[in-house]
Amino acid sequence: MKTVLLDNGASTMKVGFSSSSEPKVIPNAVLRGRKDKRHYIGDQIETCQDFSSLFYRLPFEKGLLVQWGIERDIWDRLFTHVLQVDPKDTRLMITEPCFNLSSLQDSYDQVVFEEYEFQSYLRTPAPQWAIHHPSLDADCSLVVDSGYSFTHFIPFVKKKPVVSAIRRLNVGGKVLTNQLKEVVSFRSYDMMEEAYIMNDVKEQCCYLSKDMYKDLAVTRSKKNTILQEYVLPDFIHSKKGHIRTPGSTLSQEQILVMNNERFMIPEILMHPSDIGIQQAGIAESIKQSVDACDKSLHGLLYANIVLIGGNSLIPGYKERIEQDLRPFVPIDYDIRIVTPDNPITFSWEGGQQLLMSSTKHEQQKMFVQRKEYMEYGSDVCRRKFNKIGGQ
């Protein structure tokens with residue numbers, strides 16, 4: 001029987017079979033073009049010719065899957081055209097958000113078993129998959145998952161989460177992109193409707209500074225080495241924007257000047273209070289999470305910090321966390337932070353390892369069979385699934 005692994009993120013889905021060498025990364029959204037009025041579902045965005053003013057319809061709101069009508073459209077295309085599987089002959093492993101509401105968990109169960117009729121399924125948060133990645137062999141690890149909606153801090157001891165020590169920061173990639181849209185719209189062009197383009201600007205231009213005040217001084221100086229010029233795509237000659245090479249000639253291209261925005265936008269991850277979010281930044285949240293664990297584990301957790309999620313790709317992210325964390329940590333504790341080669345697919349790869357390393361008997365204990373669900377309902381799912389911060 002085939003097993004589908006679906007890391008169902010708020011921004012992208014990472015999906016593949018248990019036998020796949022790597023997952024496919026597909027937008028978890030339905031987009032509508034401004035000019036052609038066509039709807040692009042999931043992977044269909046690859047056929048889009050004009051990315052200006054794309055209208056997004058997202059199944060996730062504030063990190064929770066609430067728009068099931070949109071998600072069904074995406075899953076219909078995913079299972080029928082991308083994976084080409086019959087759910088009735090397939091097992092499903094799927095991720096859910098940390099601290100997911102029990103009522104929303106029941107919706108997962110109902111859609112998976114009653115509408116798609118999968119043979120069996122396993123539902124668990126993505127960090128629970130990540131901790132089984134073959135590259136992680138420590139007894140204690142702290143997973144920092146910084147994705148689209150939130151940043152979560154989850155300490156694990158012998159592959160099990162310390163639920164009371166989990167922390168959440170209400171800042172993710174969406175907050176950064178929205179803030180960048182506002183700043184750029186105030187200083188230059190109106191980019192409030194250009195989420196797709198501004199997300200690309202963020203990914204190409206932004207970085208985390210090791211010395212914010214020094215870099216701010218550079219941006220005000222005559223010898224400004226930080227300033228970059230982002231060439232906006234015209235969707236006739238170019239579909240994707242790029243950083244202009246200094247000294248290159250310009251024709252009719254529109255330029256977006258990126259100066260202190262390059263490092264001030266990601267700075268929100270370290271100081272959320274800059275935009276009115278009264279929470280601790282990443283470094284302090286790591287300390288809070290570790291402090292909530294048994295004192296004997298502190299040294300092990302600080303020595304095994306794993307950074308996953310899309311924000312881990314921001315240049316300078318790992319180095320800045322290490323720099324900001326050092327003053328909080330006793331001098332006799334080592335700090336070791338690891339960023340995987342691909343932090344976006346890391347959880348999916350861990351889920352694949354979890355399945356491959358478990359015996360048939362262990363899998364029977366993990367998965368809920370459709371006949372079990374039809375007899376006992378969501379109660380059997382609540383009993384079996386290892387929830388992180390469940391209700």
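A residue counts as buried with under 20% relative accessible area, exposed with over 50%, and partly exposed in between, using a 1.4 Å probe and protein chains only. The model is predicted: local features need pLDDT of at least 70 and side-chain atom pairs count only at pLDDT 80 or more, while totals for chains, interfaces and linings use all residues. Residues are numbered from 1 along each chain as its sequence is written, and side-chain values use heavy atoms, with hydrogens and water left out.

**View 1. Two lysines with positive phi share the loop between β12 and β13.** Start with Lys158: its phi is positive, about 55°, although this residue is not a glycine. Lys158 is exposed, at 60% relative accessible area. Lys159 also isn't a glycine, yet its phi is about 70°. Lys159 is partly exposed, with a relative accessible area of 31%. As for the loop, β12 covers residues 151-157 and β13 covers 160-161; strands here are DSSP runs of E with at least two residues, helices are runs of H or I with at least four, and both are numbered from the N terminus.

**View 2. Tyr121 pairs with Phe113 and also with Phe385.** The whole structure holds 13 aromatic pairs. (Rings of Phe, Tyr and Trp, the last by its six-membered ring, pair if their centres lie within 6.5 Å; planes under 30 degrees apart are stacked, over 60 edge-to-face, and the rest tilted.) Take Phe113 and Tyr121: with ring centres 5.2 Å apart and planes at 90°, the pair is edge-to-face. Both of these residues are buried. Tyr121 has another edge-to-face partner in Phe385, at 5.4 Å centre to centre and again with 90° between the planes. Tyr121 sits in strand β10 (residues 120-125) and Phe385 in the segment after α14 (378-384), so this pair ties together parts 264 residues apart in sequence. Phe385 is buried, just as Tyr121 is.

**View 3. Six aromatic residues join into a cluster.** Two tryptophans take part, Trp68 and Trp75, and ring pairs link them up with Phe79, Tyr108, Tyr116 and Phe118. Where do Trp68, Trp75 and Phe79 sit along the chain? They fall within helix α1, which covers residues 68-82.

**View 4. A six-stranded open sheet with mixed pairing.** Read across the sheet, the strands come in the order β3-β2-β1-β9-β10-β20. (Two strands pair if DSSP finds at least two bridges between them.) At the edges are β3 (24-27) and β20 (368-369), each with a single partner strand, so one side of each has no neighbour in the sheet. Within the sheet, β1 (residues 2-8) and β2 (residues 12-17) run antiparallel and are joined by five bridges. To get your bearings, look for Asp7, which stands opposite Lys14 in β2.

**View 5. Helices α1 and α11 pack on that sheet.** Helix α1 lies across β1, β2, β3 and β9 (90-96), running at about 145° to β1. (Angles run from 0 to 180 degrees between N-to-C directions; axes are lines fitted to C-alpha atoms, for helices over the stretch in contact.) Helix α11 (residues 346-357) touches β1, β2 and β9, and its direction makes about 150° with that of β1. (Contact means heavy atoms within 4.5 Å.)

**View 6. A three-stranded antiparallel sheet has β15 in the middle.** This open sheet runs in the order β16-β15-β17. The edge strands, β16 (242-243) and β17 (255-258), each pair on one side only. How many bridges join β15 to β17? Four bridges do, with β15 spanning residues 228-231. Among the facing residues are Val231, opposite Ile255 in β17, and Tyr230, opposite Leu256 in β17. On the β16 side, two bridges make the connection to β15, and there Tyr230 has Ile243 as its bridge partner. Helix α5 (residues 195-205) lies across β15, β16 and β17, at about 145° to β15.

**View 7. Helix α8 and what its buried residues pack against.** Which residues of α8 (residues 282-291) are buried? They are Ile282, Ala283, Ser285, Ile286, Ser289 and Val290. Their packing partners include the strands β11 (140-146), β12, β14 (167-169) and β18 (305-308). Helices α9 (298-302) and α10 (317-325) are on the list as well.
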